[in-house]
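Below are some notes on the helix packing and the main pocket, set out as numbered points. Please read them with the structure open.

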Amino acid sequence: MKYSKIEAVESMLNTAIYLFFTEKDDLAVHLIVKSCRSIIRSLEENQNVLGFEQGLKVYIKPEHLKEFFNKCNEKYNFLKHADRDPLSEIEFVPDHNLIELVVAMLGYEILTKKRTRYMDLLFCYSY
């Protein structure tokens, strides 16, 4: 089966939303949604679309941008890069997934001008 990048985002984001609502695996939700956000960010840049992270740069001093985004991606990088410190641990707050899901959903909606039924459910739940 072939997927475009935006089709892959839609599929993964719907799955992450399902896992979130069924409380299946908070870490899996986090990894999936951060992967979606990474693809969305690349598509936004490619299409010259002002996305969430680009919009944030207006409000954060340039000298603090790297530190801000490092903090935002701390858990994702911890899970992604086990080789950096294989015995370390990190505190994970599952509630943060809701914020990540909403930001990814909004990015998807900006790019496609649509939402799926899963995204509609998330939208109603979060507002």
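**Notes on the predicted model**

1. Tyr125 is found in helix H7, which covers residues 117-126. The model is predicted. Leaving aside residues up to four places away in sequence, Tyr125 touches Phe20, Phe21 and Leu98. Tyr125 and Val9 are separated by 116 residues in sequence and by 20 Å in space, taken C-alpha to C-alpha.

2. The partner of H7 to consider next is H6. The axes of H6 and H7 come within 10 Å and cross at roughly 125°. That angle makes H6 oblique to H7, and the crossing is left-handed. On the H6 side the contact is made by Leu98, Leu101, Val102, Met105 and Tyr108, and on the H7 side by Met119, Leu122, Phe123, Tyr125 and Ser126. By class, this contact has 9 nonpolar residues, 1 polar residue and no charged ones. Tyr125 thus appears both in the contact of H6 with H7 and as a residue touching Phe20 and Phe21.

3. Helix H6 (residues 96-112) also packs against H2: their axes come within 9 Å, with a crossing of roughly 30°. H2 is therefore roughly parallel to H6. The crossing of H2 and H6 is left-handed. H2 contributes Asp26, Val29, His30, Val33, Lys34, Arg37, Ile40, Leu43 and Glu44 to the contact, while H6 contributes Asn97, Glu100, Leu101, Val103, Ala104, Gly107, Tyr108 and Leu111. These residues divide into 9 nonpolar, 3 polar and 5 charged. Leu101 and Tyr108 of H6 are listed in the contact with H2 and also in the contact with H7.

4. The pair H1 and H2 comes next. Helix H1 (residues 5-22) and helix H2 (residues 26-46) pack at about 150°, with axes 9 Å apart. The two are therefore roughly antiparallel, and their crossing is left-handed. From H1 the contact takes Lys5, Ile6, Val9, Met12, Leu13, Thr15, Ala16, Leu19 and Phe20; from H2 it takes Ala28, Val29, Ile32, Val33, Cys36, Ile39, Ile40 and Leu43. The division by class is 15 nonpolar, 1 polar and 1 charged. Val29, Val33, Ile40 and Leu43 of H2 take part here and are also listed in the contact with H6.

5. Which residues lie closest to the centre of the largest pocket? The largest pocket has a volume of about 360 Å³. Of its 19 lining residues, Lys34, Arg37, Lys71, Cys72 and Glu100 are the closest to the centre. The elements giving two or more residues to the lining are H2, helix H3 (52-56), helix H4 (65-72), helix H5 (74-80) and H6. The lining divides into 9 nonpolar, 3 polar and 7 charged residues.

6. One link between the pocket and the packing can be added. Lys34, Arg37 and Glu100 are among the residues closest to the pocket centre, and these residues also belong to the contact of H2 with H6.

Methods:
Residues are numbered from 1 along each chain as its sequence is written. This is a predicted model: local features need pLDDT of at least 70, side-chain atom pairs count only at pLDDT 80 or more; totals for chains, interfaces and linings use all residues. Side-chain values use heavy atoms; hydrogens and water are left out. Axes are lines fitted to C-alpha atoms, for helices over the stretch in contact, and angles run from 0 to 180 degrees between N-to-C directions. Helices (H or I, at least four residues) and strands (E, at least two) are DSSP runs, numbered from the N terminus. Angles under 35 degrees count as roughly parallel, over 145 as roughly antiparallel, 65 to 115 as roughly perpendicular and the rest as oblique. A crossing is left-handed if the near helix is turned anticlockwise from the far one by less than a right angle, and right-handed if clockwise. Contact means heavy atoms within 4.5 Å. Ala, Val, Leu, Ile, Met, Phe, Trp, Tyr, Cys and Pro count as nonpolar, Asp, Glu, Lys and Arg as charged, and the others, Gly among them, as polar. On a 1 Å grid over the protein atoms alone, a cavity is a set of points where a 1.4 Å probe fits but cannot get out, and a pocket is an open set with protein on both sides within 12 Å along at least five of seven lines; lining residues have an atom within 4 Å of a point. Grid points are joined across faces, edges and corners, and a volume is the space filled by probe spheres set on the points.
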